[in-house]
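User: I'd like to go through the side-chain packing here, rings and nonpolar residues mostly. Where do we start?

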Amino acid sequence: MSQPQLQRVERAETFTSPPAASGKIDRYFQISARGSTQRTEVVAGVTTFLAMVYSVFVVPGMLGQAGFDVSAVYVAVCLTAAFGSLLMGFWARLPIAVGCAISLTAFTAFGLVLGKGLTPAIALGAVFLMGVIFTAISITGVRSWILQNLPSGVAHGTGVGIGLFLLMIASSEVGLVVKNAGAGLPVALGQITSFPVLMSILGLAAIFGLEQRKVPGGILLVVIAISALGLAFDPKVHFTGIFSWPQLSSPGHASLIGAMDVKGALSMAVLPSVLALVMTAVFDATGTIRAVAGQAGQVDARGYIHNGGKALTADSVSSLFSSLVGGAPAAAYIESGVGTAAGARTGLTAVVVGLLFLGLIFFSPLAGLVPSYATAPALMYVGLLMLSSVAHMNMDDKLDALAGLVCAVFILLSCNIVTGIMLGFCTLVIGRVLAGEWRKLNFGTVSIALALAVFYAGGWAI
């Protein structure tokens, strides 16, 4: 990789005329220099935390279906979010929060454990190996190179496809959409009058209303309200308390700390899944950093991201940490955009998020109180928000836009993120060549398309 390509994401830029800084915190995070205040950064940190705290309910729920100890995963999710956000804030000094990625959690739970039959220990080993490779890709600059060669249509299409994927997961989990046992299409409408379905639809509508009114923590308020209704009317929901010391394992379960089976994950049967995790993480999480950094005013007209190299590395190292404590792969959270909308410009915002997640470890009984139909609206809402990426597709370049739509649709139809990305890249490259527009292609795009095609043709994909 050439030096200019590396500098494109690693070069630090000053985007505002810096007023006089006062205090060590101000100088370290360059708060005044970036046109912000300490109060603004703290408020933005609390806002970001409230927007993404639903993950401590959603992630344990999904991994719990795959046989993971829910209480242990709760602790792992809190520790991962704390570690990743603190690292991002103190080192990269960007207002980007990190946590266990919902999409990668779905990949781990439904693709690796339930779909491929791996044990939780081997799945954690796969997450660890993924973290090692992911970090190596980030440190060497390969990830930056991929980011710079990601076609616009495929980049936006990936966001749309992941949004559709999350909608499918949430809808099927509460029974709104069920597998069609008879002839016809593979899915059918579930029992729409059931309590879980009604609560999910009510919760989604409530999130719409609260977010429209810009109520801080609207998603969390809905999760709490639906959980309260479940406690009142659903005999399956039981209150077991609010505060407790962190439980590293429940009765009958071993601790997830250091439980990853790396040797088992190194088998030829699992390594393709590790590579699929890496591919998913590269395209799933990398765009988020660029998007949030842009919202925070930390990307200039030439595409330089302030401390971009550190941000990419902090993101990937967090997955290594997550595997050690028993969590799912980590990634920058798109909900960080809520914080930038509240004025976040510096790493102090991410530090606040990390500290709040650290304190949340002592409230684990709440995780068992929250039913799936209380978190499903949050998944649906995030999925719907991600569909807005379609508005950024350039319809004047029909080939690019259509390739992006291919990527989006087939992420849903195949229930696989990398499959959609592969089809998006390949249709774009082949379409450009047949249309006589091969000059619009670059070496990076063609290389990635060929790598993905070989990955699938060789039968290594999940």
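Analyst: With a definition: buried means under 20% relative accessible area, exposed over 50%, and partly exposed in between, with a 1.4 Å probe and protein chains only. This is a predicted model, where local features need pLDDT of at least 70, side-chain atom pairs count only at pLDDT 80 or more, and totals for chains, interfaces and linings use all residues. Residues are numbered from 1 along each chain as its sequence is written, and side-chain values use heavy atoms, with hydrogens and water left out.

User: Fine. Is phenylalanine 321 buried or exposed?

Analyst: Phenylalanine 321 counts as partly exposed, because its relative accessibility is 22%.

User: How many aromatic pairs are there in the whole structure?

Analyst: The search finds 9. Rings of Phe, Tyr and Trp (its six-membered ring) pair if their centres lie within 6.5 Å; planes under 30 degrees apart count as stacked, over 60 as edge-to-face and the rest as tilted. Tyrosine 28 and phenylalanine 29 are edge-to-face, because their planes stand at 85°, with the ring centres 5.0 Å apart. Phenylalanine 83 and phenylalanine 321 are stacked, at 4.2 Å centre to centre and 5° between the planes.

User: Which parts of the chain does that last pair link?

Analyst: Distant ones: phenylalanine 83 is in helix 5 (residues 70-92) and phenylalanine 321 in helix 14 (residues 308-325), 238 residues apart. Helices here are DSSP runs of H or I, at least four residues, numbered from the N terminus.

User: Back to tyrosine 28. What lies over its face?

Analyst: Arginine 93, at 3.8 Å from the ring centre. The criterion is NZ of Lys or CZ of Arg within 6 Å of the ring centre and within 35 degrees of the ring normal. Tyrosine 28 also forms one aromatic cluster with Phe29 and Phe90. Tyrosine 28 is partly exposed at 33% relative accessibility, while phenylalanine 29 is buried at 4%.

User: New topic. Which residues touch the most other members in the largest nonpolar core?

Analyst: Tyr54, Val56, Phe68, Ile102, Phe357, Leu360 and Phe425, out of 101 residues. Another core, of 12 residues, lies apart from it and includes Ala92 and Ala330. A nonpolar core is a set of buried Ala, Val, Leu, Ile, Met, Phe, Trp, Tyr and Cys residues joined through side-chain atoms within 4.5 Å.

User: And asparagine 307, where is that?

Analyst: In the loop between helix 13 (271-295) and helix 14. Asparagine 307 is buried, at 13% relative accessible area. Asparagine 307 and tryptophan 91 are 8.8 Å apart, C-alpha to C-alpha, and 216 residues apart in sequence.

Conventions. Helices (H or I, at least four residues) and strands (E, at least two) are DSSP runs, numbered from the N terminus.
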